[in-house]
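Q: Please take a close look at one part of this structure, the interface of chain B and chain A. Which residues and elements build the side of chain B that touches chain A?

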2 protein chains.
Amino acid sequence: MDMIIGNSQIPIKKVTVNDNFWNKLMEITRKKVIPYQWKALNDQIPDAPPSYCIRNFKIAAGLEKGEYGGKVFQDSDVAKWIEAVSYTLMWRPDSELESLADNVIDLIAKVQLPDGYLNTYYIINGIEDRWTNVMRNHELYCAGHMLEAAIAYYNATGKDKLLNVMIRYVDHICDVFGPEEGKLHAYPGHPEIELALMKLYSITGNKKHLNLAKYFIDERGKYPLYFEQELKKRNEKFHLADTPFKFQYYQAGKPLREQNAAEGHAVRAVYLYSGMVDVARETQDEELFNVCKRIWSNLVNRRMYITGSIGSSRCGEAFSFDYDLPNDMIYGETCAAVGLIFFAYRMLLTEIKSEYADVMERVLYNGSISGMSLDGTRFFYVNPLEVHPFACENNYQLMHVKPERQKWFGTACCPPNLARLIASLPGYIYTKRDNSIFMHLYVGGKVEFDISSSKAVLDVHTNYPWDGKVRIEVEKGAGEPFDIALRIPWWCRNYTVKLNSKTINVGVENNGYVYINKNWIEGDVLELNLDMPVELVYANPNVRENIGKVAVMRGPVVYCLEEADNGKDLHRIAISDQSDFKYRYEPDLLGGVVTLTCDGFEISVESWNEECLYMMNAKKEYKERTLKWIPYYTWANRGVGEMRVWIHER
Amino acid sequence: MDMIIGNSQIPIKKVTVNDNFWNKLMEITRKKVIPYQWKALNDQIPDAPPSYCIRNFKIAAGLEKGEYGGKVFQDSDVAKWIEAVSYTLMWRPDSELESLADNVIDLIAKVQLPDGYLNTYYIINGIEDRWTNVMRNHELYCAGHMLEAAIAYYNATGKDKLLNVMIRYVDHICDVFGPEEGKLHAYPGHPEIELALMKLYSITGNKKHLNLAKYFIDERGKYPLYFEQELKKRNEKFHLADTPFKFQYYQAGKPLREQNAAEGHAVRAVYLYSGMVDVARETQDEELFNVCKRIWSNLVNRRMYITGSIGSSRCGEAFSFDYDLPNDMIYGETCAAVGLIFFAYRMLLTEIKSEYADVMERVLYNGSISGMSLDGTRFFYVNPLEVHPFACENNYQLMHVKPERQKWFGTACCPPNLARLIASLPGYIYTKRDNSIFMHLYVGGKVEFDISSSKAVLDVHTNYPWDGKVRIEVEKGAGEPFDIALRIPWWCRNYTVKLNSKTINVGVENNGYVYINKNWIEGDVLELNLDMPVELVYANPNVRENIGKVAVMRGPVVYCLEEADNGKDLHRIAISDQSDFKYRYEPDLLGGVVTLTCDGFEISVESWNEECLYMMNAKKEYKERTLKWIPYYTWANRGVGEMRVWIHER
């Protein structure tokens, strides 16, 4: 058997982002999203329903009287806030914010029971019922998020209070769950703790933490099914018995090692797969990694939108079936997109292959950040690729699709998820293996890493994604040769590499990267130039929704037509494969974006009387017109209107 | 103000159908559907859940003990059975069937209370609650159907027992509902009795019957809204408060005279509009007829499928909005199609215009009879124009769409509705005004009618809809001139008329008919030849679903592609407007149909790897192939498979 040869993370603290595109988003996250979220946690947003998050902790800690409020997984929003805060502290220390977090952590610690248990829902509502509804009541999910928060805060500040709290909680969980007799042979209804335990293991090195994660992976979906037994014990009917997925909603309809496709609730799925990859890599479990690869391939090659959104079915917020990718009735939850980045990054950590980074990039520049308004104050849960606002209001089956971003949600998972993703962006750019530093994402800024025992520093300049030029200046060499390995993205047909201004010939390796080996010295300049023309992109003809249609990309950015630029009735617009595209950076539009214009067509209604629904031989008449395209992620920032990604091809 | 100049029905008994196409359907209805339905009413179908219909009557009559079974409107199925039986007795006397009906009528009569009330649900469950849930509990709906049955049976057999029972029931209803103080100022939650009362009035001439129908029309939707008051009294929340239509589900959100569009539950809508036209015609109410015309125009020009199916939204089994005509998620209930024929026929009775008969014909040959299998044993509730069976099973939003006709339904409205339509087909072919006989449908057989005081007889020979030749032999003239007026269908671009073998020049009048005036004598032969090439039909470009697509018709028949003939993945098929079509009558296929073949294309998947979802510059490659088309109404008679009406145009 081959070994799994993983590679290592470059921690956020070793990366300084200095990038036109991402600094803006990171700053909005820090200055707008995180403070706004803090207000939400404290029920201080005037027009939004209370979240009850902090209040629940205060009640559970005995500091206030009252009833539990909000959803059963409300604790996780506090966790995600702390986690996002932690990441920002890594690149922008802020003592005020840090002391806010310290106070919340003190509060959380007060809630913990002597046996380590820590969940406000059950502490307030009756501890005797804890762990009796593992399938639906999110205790392990909340624990996982709090664990991620603890680790992030520890990494950011060195403070271990929350970490120790959570290690005690994990000890308790180890007492409750596991293969031993008397323990629950169960696994989370909502995966999340698996990947969190693997993060914990990377800090503690305690096999107990690894083993619990592995147990949750291995036990999942084994018959007799724990969830069925639990339902029986609770005397409850299975609420998903009439859905197409049944227990696969929880990815628990069969053992994970027998699964071949991305199924069920999309967020649960990608969180689970992320933990599964971590376990496979850490335990050198080739079989399990092959399961990950099968599921990955099914997911990205048959069940992913061009924007990187996933989960095509509102029912169950779930994956549906191969090539079923409706553009208007999509679910495409922001959280699922974020989770797909987690999955992709972990695949990449396990095996260097550009396709993993390609997907990461696809989601990052499209279906994830589309979830947030440009000013960071409004959010999408659902990220459609086609919107007809009148239909959203009047078609019952489209009512989950909003043509406008919302202030906040009852289930407020998406905004904080996006916040922690963007705040941790520096951690996704590079990885390292032996004497190679891999650049997966083209983001400007500095990176510091070790080669043997020496420290090397690179300084990257780029205007990506608006431009394919990436200039890497060596600020400090390692005193010995090492590879700078650069991903050649799937969308790039031609590239050049220059070393100290001279073009060098360097081919793409099988894994999709070019390697430039040198004893790098200060002042060396490596330039990658990725050709970035506007491209027409087609979907596999098995995708029923997109047959006869075409999408437009430039570099990693998916474009769309919006009513604000192109008027109503976007369904009548067509383009030909001869269309001539022009691109232009518009600094004052949508926060500064490259827009595209092209010659297009509009199917004319002129020969049609409004009072005629069907006509014989009514050959389509095309009127020529100009079309203007904006990056998909910026849609719905100029009022309510139609939007389309996939356009008819003439 | 202009007068409304109506025209008269030619009763079923005066028409003898001798027609290849319709005789088959009429005989299947008589020999298969009606006996099968009888078994269903008596709970004698092995694998189907009991209907409880006859049993409810027996319990209500005190002949059996037990509880009420089935839906609140179960009585109406018995009524529709009697009505269908009555129509068949008009053209095929059957003493056994008649005595079966007599027995049921005896049973029904036994149920009637001394005050005339007759509804098994409330008689069994507690008469004190009658008329307290007029919005939802279908008492007036059931009364309407029983009234239609009584009138049909009286017309068929001359027996007035059920008619008298129902006149007494109507007397009771007149005591309960009306403008007078102390009466309920209400109207049916499910319209139906309006048109039934108008039928009754045509027999009794009793103004009371007309006035009640008119009251129901005039009162509907007036504020304060009766339904709101009733909900208040019942202390109930409005179950449709969160839907887009609210009280317009019942066409009761505003007064009928202020309505401009076909809205709400489609079956309710077309039943209501039918009664509304009858009232307008009978009372010479131009204003009300204009409302009918506005709604008609909205319905057929913006909200009707090419097959004549209506009701695009599963939510509420309802109309949605202009040009919203999804082919796969359609509701398109068989009953709604049947009801559209009722509406169209009544518009035609009020104003001779070919568009009304065109719609009648469209529904008759397509979206209505598609509801029944060719052998008359299985039925569709929903009539999709595009089916992907795997998606129907796996996409929750498509689960109302069945790729196979079902044996029976819990709400078994559709099969008996189709039965009564087909059994009464002879009544839809002709109408008469003054000295003109109008032939609206081209159905072979004899018709007898009066001109002044003489009887004239025509004998029609045609192989319609497979052939556009219609040969009308005069079997008996009237001794004075009269017009034979023939509809030139919307789909016909060229026609010729021959009188006694000589072509005559005769133009289409504004109303869409050609009039041939003559003192017709025995042996005269009038031949209409409607050119019937295969036609490509386009939808108004406002129909988002059908942009870039084309449908195929020949004469009134809409065609479709089915997997049985064309394999899977019909979404990849395209045709060009240059496609050369051939047609052929296949006597042994699908009960004998004209099929079409043409050169078509298939978008190739060959250059696509299954593991590739998006590709740049993957220009569509077309493979040439032959396509075979079958009449839409015959789909799903050869097992489960894909089907499509609207095909991509290359």
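A: What follows covers that interface, then the strands that cross it.

The model is predicted: local features need pLDDT of at least 70, side-chain atom pairs count only at pLDDT 80 or more, and totals for chains, interfaces and linings use all residues. Residues are numbered from 1 along each chain as its sequence is written, chains are lettered from A and ligands numbered from 1 in the order in which they are written, and side-chain values use heavy atoms, with hydrogens and water left out.

Start with the extent. In chain B, 66 residues are in contact with 66 residues of chain A; contact means heavy atoms within 4.5 Å. The size of an interface is often given as the accessible area lost when the parts come together. Here the area buried between the two chains is about 6000 Å², and carbon and sulfur atoms give 56% of it. Buried area is the accessible area (1.4 Å probe) that two parts lose on being put together, summed over both. Within chain B, the most area is lost to chain A by B:R544, B:Y614 and B:M616, together 15% of what that side buries.

Now the polar side. The rule finds six salt bridges across the interface. A salt bridge is a side-chain nitrogen of Lys or Arg within 4 Å of a carboxyl oxygen of Asp or Glu. A:R302 and B:E611 meet in a salt bridge, at 3.3 Å from N to O. There are also 25 residue pairs in polar contact across the interface, both residues at pLDDT 80 or more. A polar contact is a pair of N or O atoms within 3.5 Å; within protein, one must be able to donate a hydrogen and the other to accept it, and residues adjacent in sequence count only if both atoms are side-chain atoms.

Next, the elements. Those of chain B that give two or more residues to the side touching chain A are α12 (286–302), α15 (389–394), β14 (534–539), β20 (614–616) and β23 (647–649). Helices (H or I, at least four residues) and strands (E, at least two) are DSSP runs, numbered from the N terminus. β14(B) gives the most, with five residues. By class, the residues of this side divide into 33 nonpolar, 15 polar and 18 charged. Ala, Val, Leu, Ile, Met, Phe, Trp, Tyr, Cys and Pro count as nonpolar, Asp, Glu, Lys and Arg as charged, and the others, Gly among them, as polar.

Strands also pair between the chains. Strand β14 (residues 534–539) of chain A runs antiparallel to β20(B), joined by three bridges. Two strands pair if DSSP finds at least two bridges between them. A:A539 stands opposite B:Y614 in β20(B).
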